Amino acid sequence: MRKHWTIFKIGLVNSLAYPAELIMRSGMILIFMWVFFQLWRVTFASSGSETINGLSLRDTMWYLLLAETLELGRPRLARTISDQVKDGSIAYILNKPYHFLLYQFSNGLGESLPRMASLFLLGAGLVWSMAGPPPPLANWPLAFLALAFAWILHFCVNCLIGLAAFIAEEVAPFEWIYQKLVFILGGMLIPLDFYPAWLQTIARSLPFAYMMYGPARLFVRPDPVLTGQIYLGQAIWLLVLTGILILAFHRGMRRLAINGG
Amino acid sequence: MADEPTLTGSPHSAHTRAGQRGLLPFLLALWKANLAAALEFRVAFISQTLGMILNDGVYFVVWILFFDRFPTVRGWGLTDMFLVFGISASAFGLAGLLFGNAFNLGDIIVRGRLDYYLSLPRPVLLHVLTSRVTPSGLGDFLYGFLSYFASGQFTPAGLGRFVVAVILAMIVFVAFLVLIQSLAFWLGTGGAFTGLAINAIITFALYPITLFERGAKLILFLVIPAAFMGAVPAGFVRAFDWGTIGLMALGACGFLAFGAGLFQLGLRRYESGSAIQTEV
């Protein structure tokens, strides 16, 4: 456990080594949130109602902020792992006294946390000034716990895509399409509440909703039933995806051929 | 540097003039070689092309869902989005196919990798930009046409206008990338800023321009030229208008002049550690 904590700290230090770069990269959330505000401000105004399907403009903006924070702040592990598989550098991690997947988890978390914090703080300032104050503090623990589970779900899928390099020459298309499925079925650009009922049903039965919609929705409008549904969904998908990931990792290791060094 | 390289070439010798005479054959040969290199990894090339078409198509579903729920945004509807998305995707893809290094020019400058191009009797900027192909660009380029056909605005003349619009939008986009990344000559770094700039122009180009008020629109024409990648060319595809094509041409020439001019200015400050590098 201590060695993974050390790996986490190294990732954290790496991420914080260039604060100007970190803030510059986080700056893109300002563009996205400003554009989203223009879109939803006009949309709410033309709907002639304060709320759409239970969400106000303020709720929608804070929902989108949390979703964007997760999307822009999560590590792009698929590309890293697939490069390691393709160029053989995976061998240098495998022969160290730590588990490959736990190494990626600790390092990825260390790099991701400062990025997410920076994105959230920058974005929150803008959203607060445009749309109003954040949701009540009581919502925050529920949302941030769901955010942590969502991060792990993303981690599992990213690792699976990266490990696909054992069998596919190019994994980038998998990554693009996965990201777009999160955009749509995860409710990243439009909250799932605004979708037609049939699509909401489909989305809620897939993992993407628990990777994005869950934490963002709990942040703005939690209710006991929804909270239970989201945590249960996350738990089920965590079990399923972790199982598949461990299986895929062991299969991949059996295919791995290392020739010298 | 005693002999400053110019935008169109280094005035070192008669090689330059010979190089300029054969500029088009040189570019064609370079593009052909780039394509051949990309096709060496045929499965990766095809999967990236098809993957990008699918990726763009899936992304557009967001707009279909949005306009299904909210049919217009200040007069802007799904048809407009098909056109804007089509032009932006094709222009973005064409930039990657023909001028692939436009996306990492800043990195080339910072790492001192311009040495290679400076030593050759070819226009430096053009040579750098065309020395790389982004395989997924073909997917974006083709998807743009699919989006245009799906818009319900297809006519043979409209297709001609679409092609013109894509070329002019691509010039603006590449020029903007050159402009932004030439700042690396002064800043010494540029990765994060480049990413920010690319995200900004693409994001603004893909959203209805009717969302933005007058001040913001001015920025989208003069600072982040997203209007020239989306709304303006979309208007031209819908109906021919001399004013619109004039505006597009002016935007393309203006940003190209600014981009190339700044690169040229930056080149005077360029230094490298004479590192041994291999261009592959």
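Modeller: Before we look at any pair of helices, one convention is needed: an angle between N-to-C directions that is over 145 degrees counts as roughly antiparallel. The model we are discussing is a predicted one.

Biologist: Why, then, are helix 9 of chain B and helix 13 of chain B called roughly antiparallel to each other?

Modeller: Helix 9 (residues 156-181) and helix 13 (residues 231-238) of chain B pack at an angle of about 160°, with their axes 8 Å apart. That angle lies over the cut-off of 145 degrees, and the two helices are therefore roughly antiparallel to each other. Their crossing is right-handed, and the contact is made by B:Gly158, B:Arg161, B:Phe162, B:Ala165, B:Leu168 and B:Ala169 of helix 9 of chain B together with B:Pro233, B:Phe236 and B:Val237 of helix 13 of chain B. These contact residues divide into seven nonpolar, one polar and one charged.

Biologist: What makes helix 2 of chain A and helix 7 of chain A oblique to each other?

Modeller: Helix 2 and helix 7 of chain A pack at an angle of about 55°, with their axes 9 Å apart. Roughly parallel would require an angle under 35 degrees and roughly perpendicular one of 65 to 115, which means that this pair falls into neither class and is oblique. Helix 2 of chain A passes helix 7 of chain A in a right-handed crossing. On the side of helix 2 of chain A the contact is made by A:Leu22, A:Ile23 and A:Ser26, and on the side of helix 7 of chain A by A:Pro114, A:Arg115, A:Ser118, A:Leu119 and A:Leu122; by class, the residues of this contact divide into five nonpolar, two polar and one charged.

Biologist: How do you know that the buried residues of helix 5 of chain A line one face of the helix?

Modeller: The buried residues of helix 5 (residues 77-87) of chain A are A:Leu77, A:Ala78, A:Ile81, A:Ser82, A:Gln84 and A:Val85. Seen down the axis of helix 5 of chain A, they fall within an arc of 155°, so they line one face of the helix. In general, residues three or four places apart in an α-helix point the same way, because there are 3.6 residues a turn. The buried residues of helix 5 of chain A pack against helix 6 (90-94), helix 7 (100-131), helix 8 (139-163) and helix 9 (172-185) of chain A. Just after helix 5 of chain A, A:Gly88 takes a positive phi of about 85°.

Biologist: Why does A:Leu185 count as buried?

Modeller: A:Leu185, found in helix 9 of chain A, has 25 C-beta neighbours inside 10 Å, and since 20 or more are required, A:Leu185 counts as buried. Neighbours within four places in sequence being left aside, A:Leu185 is in contact with A:Ala203, A:Leu206, A:Phe208 and A:Ala209.

Biologist: Which elements of chain A give two or more residues to the side that touches chain B, and how many residues are in contact?

Modeller: In all, 26 residues of chain A are in contact with 30 residues of chain B. Helix 2 (19-26), helix 3 (28-47) and helix 9 of chain A are the elements that give two or more residues to that side of chain A, whose residues divide into 18 nonpolar, three polar and five charged.

Biologist: What makes up the secondary structure of chain B?

Modeller: The secondary structure of chain B comes to 14 helices and zero strands, while buried residues make up 45% of its 280 residues.

Definitions and conventions
Residues are numbered from 1 along each chain as its sequence is written. Chains are lettered from A and ligands numbered from 1 in the order in which they are written. This is a predicted model: local features need pLDDT of at least 70, side-chain atom pairs count only at pLDDT 80 or more; totals for chains, interfaces and linings use all residues. A residue is buried if 20 or more other C-beta atoms lie within 10 Å of its own, exposed if 12 or fewer, and partly exposed in between; C-beta atoms are placed from the backbone. Helices (H or I, at least four residues) and strands (E, at least two) are DSSP runs, numbered from the N terminus. The arc is that of the directions from the helix axis to the C-beta atoms. Two residues are in contact if their C-beta atoms, placed from the backbone, lie within 7 Å. Ala, Val, Leu, Ile, Met, Phe, Trp, Tyr, Cys and Pro count as nonpolar, Asp, Glu, Lys and Arg as charged, and the others, Gly among them, as polar. Axes are lines fitted to C-alpha atoms, for helices over the stretch in contact, and angles run from 0 to 180 degrees between N-to-C directions. A crossing is left-handed if the near helix is turned anticlockwise from the far one by less than a right angle, and right-handed if clockwise.
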